[in-house]
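Good morning, everyone. Today I want to walk you through the empty spaces in one protein model, and through what fills one of them. Please have a look at the screen.

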Amino acid sequence: MDTRFFTTWMEEATAAVRAGRDHLTRLDAAIGDADHGTNLDRGFTAVAEALAARPPVTPGGVLVLAGSTLIRKVGGASGPLYGIAFREMGKSLGEATEVSAAELAAALEAGLAGIRRLGGAEEGDKTMVDALAPAVRALALAVQEGGTPEDALEAAAAAAEEGAKATIPLQARKGRASYLGPRSIGHEDPGAASTALLLAALRTAASR
Ligand code: ADP
Ligand code: MG
């Protein structure tokens with residue numbers, strides 16, 4: 001997977017967030033402050049612009065630029081969290097111009113570690129971690145089993161989607177939704193839903 005692949009991922013993510021913006025905002029209206037879709041749409045629109053204006057020459061460069069842009073443009077909790085995740089992914093890839101599925105799996109793992117370090121959420125706290133952690137596990141397993149990158153990213157996207165849906169019965173223990181206590185039960189976490197969109201965009205990039 002080369003620089004073009006990672007740029008395509010970010011373009012697909014921008015399109016997916018744009019298409020999902022109102023849905024994400026509705027999810028955030030139920031248990032937050034109704035800004036998650038608009039926050040991310042603003043951020044990824046800026047990411048697409050930044051990549052077009054200053055095209056990076058490595059996969060790591062694409063992800064670091066995406067992360068820095070998200071930190072600058074997305075307010076709220078999710079901006080710094082996604083920002084750090086993409087920056088850590090990019091740093092993990094270093095200066096490589098070609099990335100293997102195993103290296104991508106390690107990069108996603110580093111992104112997850114960044115989110116955990118910054119936000120302190122564990123699985124089950126009803127956050128983006130509930131979608132990303134199972135996706136990272138599914139990707140690592142598929143790579144270990146020697147599947148194609150397409151199959152591995154399909155498995156990761158499916159696990160993220162399942163993880164996001166599995167936040168519905170949970171009570172939030174981190175972020176704004178935690179202020180609602182038991183009233184956060186019965187709603188999908190918006191950040192978990194957007195993480196599933198980002199993993200779906202990664203799968204789409206691989207099928208191109
Ligand atoms: P805000 O809550 O500040 O309005 P957003 O609406 O953009 O920010 O994002 C909310 C999402 O951020 C939540 O749905 C959750 O997935 C994620 N989130 C919030 N706090 C944390 C945390 N400490 N760790 C991981 N994810 C978190
Ligand atoms: Mg919000």
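Let me start with a word we need. A pocket here is an open set of grid points with protein on both sides within 12 Å along at least five of seven lines. Its volume is the space filled by probe spheres set on those points. Keep in mind that this is a predicted model.

Now the number. The largest pocket has a volume of about 530 Å³. Which residues are closest to its centre? They are Ala77, Ser78, Leu81, Gly175 and Arg176, out of 28 residues that line the pocket. Five helices give two or more residues each to this lining: H1, which spans 3–31, then H2, H4, H5 and H8. What is the lining made of, by class? Count ten nonpolar, eleven polar and seven charged residues.

Next, the ligand. Where does ligand 1 sit? Ligand 1 sits in the largest pocket. Helices H2, at 36–53, H4 and H8 each give two or more residues to the shell around the ligand. H8 has the largest share of that shell, with three residues. In total, 20 residues surround ligand 1, and Asp33, His36, Ala77, Ser78 and Asp189 come nearest. By class, the shell holds six nonpolar, eight polar and six charged residues.

Let's zoom in on some polar contacts. Start with Ser78: an N or O atom of its side chain is 2.6 Å from an oxygen atom of ligand 1. At Ala77, a polar backbone atom lies 2.8 Å from a ligand oxygen. At Gly119, the backbone again supplies the polar atom, 2.9 Å from a nitrogen of ligand 1. How much of the ligand does the protein bury? Taken alone, ligand 1 exposes 570 Å², and the protein buries 93% of that.

Last stop: the closed space. A cavity is a place where a 1.4 Å probe fits but cannot get out. How many cavities of 30 Å³ or more are there? The count comes to one. The volume of this largest cavity is about 70 Å³.

Look at its walls. Trp9, Tyr82, Ala85, Phe86, Met89 and Leu108 are among the lining residues. So are Ile115, Leu132, Thr195, Leu198 and Leu199. By class, that gives ten nonpolar residues, one polar and no charged ones. Three helices supply at least two lining residues each: H4 at 78–93, H5 at 101–119 and H8 at 190–206. H4 gives the most, with four.

To recap: ligand 1 sits in the largest pocket, and the protein buries 93% of the area it exposes alone. Thank you.

Conventions: Residues are numbered from 1 along each chain as its sequence is written. Chains are lettered from A and ligands numbered from 1 in the order in which they are written. This is a predicted model: local features need pLDDT of at least 70, side-chain atom pairs count only at pLDDT 80 or more; totals for chains, interfaces and linings use all residues. Side-chain values use heavy atoms; hydrogens and water are left out. On a 1 Å grid over the protein atoms alone, a cavity is a set of points where a 1.4 Å probe fits but cannot get out, and a pocket is an open set with protein on both sides within 12 Å along at least five of seven lines; lining residues have an atom within 4 Å of a point. Ala, Val, Leu, Ile, Met, Phe, Trp, Tyr, Cys and Pro count as nonpolar, Asp, Glu, Lys and Arg as charged, and the others, Gly among them, as polar. A residue is near a molecule or strand if one of its heavy atoms lies within 4 Å of it. A polar contact is a pair of N or O atoms within 3.5 Å; within protein, one must be able to donate a hydrogen and the other to accept it, and residues adjacent in sequence count only if both atoms are side-chain atoms. Accessible areas come from the Shrake-Rupley method with a 1.4 Å probe; for residues, only the protein chains shown count as cover. A molecule sits in a cavity or pocket if more than half of its atoms lie within 2 Å of its grid points.
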